[in-house]
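Reader: I've got a structure open and would like to talk it through with you. Can we take it piece by piece?

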Amino acid sequence: MRLPLIFSIILASLNTAAFASSIKKTMDFNAERVTIGSLGDSWYFVPHIGFNFISNTSTSGYTIDFSNGISLGGGIGLNLGNDLAIQFDAGHIKNDIDHFENETTGESTAPDVQFTQVPLLLNAIWTPSAHVDVRPYFGLGAGAVWGKYSSNDEVGSKADWGLGLRAQLGATIELTTSTAFSFGYQFTLVQYDDDVDNHNIQLGLRIRF
């Protein structure tokens, strides 16, 4: 009578151990699933908005003083590993011109003119993987930028393409396993007939596919 009872106890113990092992594997899988380093190679999209500041620009005997502007855009990128990503950025930047100053006479005028830029840049972005929740990033990029002044009686409408060179730094804050808040600074030098220095402070949301 005791032998069947012993077998029943052994079978019950084995079933309990198997059930516990199954739970442990499930928990281990879920733990790995939310680990930042396990995300591997993945595509992501980053819509962003920011403020754009342009340094005073000298051209054709005039100094142009730009007002602060707004930038809108987005980037699509591919994580090549835990540290490196390739990202293509496109955007729309608009700054009003505060005034022109004649460098010879010192006379100043305040025209109703806007300066619009459309950057198309490819960037390499390095993010140290040692950081988990808050991750700094650094990037370098190059591409083409389309720029145009709106026209009035004093300034003719002129559109031109220029070489764009970019350096950037910032940080991302993980919100979920698929989204992160980003903020940073970008310096973009555009070589039109005259160089234009863009300083951009932007906020974005990185969404992994």
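**Strands, cores and charges**

Reader: To start with, which residue in E8 is the bridge partner of alanine 124?

Author: Keep in mind that we're looking at a predicted model. E7 and E8 run antiparallel, joined by 12 bridges. Follow that pairing to alanine 124, and the partner you land on in E8 is leucine 140.

Reader: And E5 with E7: in which sense do they pair, parallel or antiparallel?

Author: One pair of residues to look at here is glutamine 87, which stands opposite asparagine 123 in E7. Between E5 and E7 there are 11 bridges, and the sense is antiparallel.

Reader: Zooming out, what pattern does the protein chain follow along the sequence?

Author: The chain has one helix and 11 strands. Put in order along the sequence, they read α-β-β-β-β-β-β-β-β-β-β-β.

Reader: Which elements give two or more residues to the largest nonpolar core?

Author: This core has 13 residues, and the ones touching the most other members are Ile64, Phe66, Ile97, Phe115, Tyr149 and Tyr192. The elements giving two or more residues are strands E3 (62-66), E5 (84-102), E7 (114-126) and E8 (134-149).

Reader: What about phenylalanine 66: which residues is it in contact with, neighbours within four places in sequence aside?

Author: Some of its contacts are core members we've just met, including Ile97, Phe115 and Tyr149. The full set is Ile54, Ser55, Asn56, Thr57, Asn95, Asp96, Ile97, Asp98, Phe115 and Tyr149.

Reader: Which residues are among those in the other core?

Author: That one lies apart from the 13-residue core. It's made of five residues, among them Tyr44, Val46, Ala85 and Ile125.

Reader: Now for charges: how far apart in sequence are aspartate 89 and arginine 166?

Author: Their side chains meet in a salt bridge, at 3.5 Å from N to O. Aspartate 89 is buried, and so is arginine 166. The first sits in strand E5 and the second in strand E9 (residues 158-174), which puts them 77 residues apart.

Reader: Why does the pair of arginine 208 and glutamate 174 tie together parts that are apart in sequence?

Author: Here too the side chains meet in a salt bridge, at 3.1 Å from N to O, with arginine 208 and glutamate 174 both buried. Arginine 208 lies in strand E11 (residues 195-208) and glutamate 174 in strand E9, so the parts they tie together are 34 residues apart.

Reader: How many salt bridges does a search of the whole structure find?

Author: We've been through aspartate 89 with arginine 166, and arginine 208 with glutamate 174. The search of the whole structure gives a count of two.

Key: Residues are numbered from 1 along each chain as its sequence is written. This is a predicted model: local features need pLDDT of at least 70, side-chain atom pairs count only at pLDDT 80 or more; totals for chains, interfaces and linings use all residues. Side-chain values use heavy atoms; hydrogens and water are left out. A nonpolar core is a set of buried Ala, Val, Leu, Ile, Met, Phe, Trp, Tyr and Cys residues joined through side-chain atoms within 4.5 Å. Buried means under 20% relative accessible area, exposed over 50%, partly exposed in between (1.4 Å probe, protein chains only). Helices (H or I, at least four residues) and strands (E, at least two) are DSSP runs, numbered from the N terminus. Contact means heavy atoms within 4.5 Å. A salt bridge is a side-chain nitrogen of Lys or Arg within 4 Å of a carboxyl oxygen of Asp or Glu. Two strands pair if DSSP finds at least two bridges between them.
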